[in-house]
Amino acid sequence: MAKQAQFEELARQLSAVGAVKRDLGRILPPECPTGSAAVLTLLGRHGSMRMSKLAELLAVDMSVTSRHVAHVAERGWIERSPDPADKRSRILHLTPAGEATLVDLSRRSTQLLAERLGDWSDEEVDQLIRLMTRLRDSFGDCRATAPHPRPAVGTAPAPGTPKATAEATDKVTVTSAARAPTPVLEPTTTRTPA
């Protein structure tokens, strides 16, 4: 198992992912801000869906999702059609124009990554992909579940806490506020197409 100092350094390094995401956001066309790009990306990846499902995947509330959806609909990138199962709901679909925009976004992201990682070997890029995939798998789909509060160090675990989790929590110590890990990522998760 990795040491506490390694996890602290990992947290600091992961916070730098925000800079990568910002650079990827800067290459988006002006008519397609990051929220719109996220809508297109999720519809491209998961297919047609209700607005409530899109809000869940974006990890934002319905009012924010509605603004993003209105923006992409105004540009003709998606259609909203009645849900046959519930006439009050709408199903969101990518249009051919939306699919073309999504292809352009993917091309832009791929080009930037190819430029920035041009001095990386194929093996290094493959290793990064494997490790980032494993990292995401270790966290699971954080959008689908509420976060579990962690008890303070030295307190009794909550009833029903698995023994391994309780033991791991007891072993975590932070020697000073200066050594506390930095936040992992920026609060938003919708900046760039994947």
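## A helix across a three-stranded sheet

In this predicted model, α3 lies across β1, β2 and β3, and its direction is at about 95° to that of β3. On the same topic of packing, α5 sits on the sheet too, where it touches β2 and β3 and makes an angle of about 115° with the direction of β2. Here is a friendly tour of the sheet and of the core.

**The sheet**

- The sheet is open and has three strands, ordered β1-β3-β2, with antiparallel pairing.
- Its edge strands are β1 (49-50) and β2 (78-83), each of which pairs on one side only.
- β1 and β3 run antiparallel and are joined by two bridges.
- M49 has L92 of β3 as its bridge partner.

**The nonpolar core**

- In soluble globular proteins, nonpolar side chains tend to be buried together.
- The largest nonpolar core here counts 21 residues, and L40, L43, L54, I78 and L92 are those with the most contacts inside it.
- At least two residues of this core come from each of α3 (34-46), α4 (51-58), α5 (62-74), β3 (86-94) and α6 (96-116).
- The biggest share is that of α3, which gives six residues.

**A closer look at L54**

- Which residues does L54 touch, leaving aside those up to four places away in sequence? They are V39, L42, M49, T65, V69 and L92.
- Two of these contacts lead back to the sheet: L54 touches both M49 and L92, and M49 and L92 are bridge partners.
- L54 and L92 are also among the residues with the most contacts inside the largest core.

Technical notes: Residues are numbered from 1 along each chain as its sequence is written. This is a predicted model: local features need pLDDT of at least 70, side-chain atom pairs count only at pLDDT 80 or more; totals for chains, interfaces and linings use all residues. Side-chain values use heavy atoms; hydrogens and water are left out. A nonpolar core is a set of buried Ala, Val, Leu, Ile, Met, Phe, Trp, Tyr and Cys residues joined through side-chain atoms within 4.5 Å. Buried means under 20% relative accessible area, exposed over 50%, partly exposed in between (1.4 Å probe, protein chains only). Helices (H or I, at least four residues) and strands (E, at least two) are DSSP runs, numbered from the N terminus. Contact means heavy atoms within 4.5 Å. Two strands pair if DSSP finds at least two bridges between them. Axes are lines fitted to C-alpha atoms, for helices over the stretch in contact, and angles run from 0 to 180 degrees between N-to-C directions.
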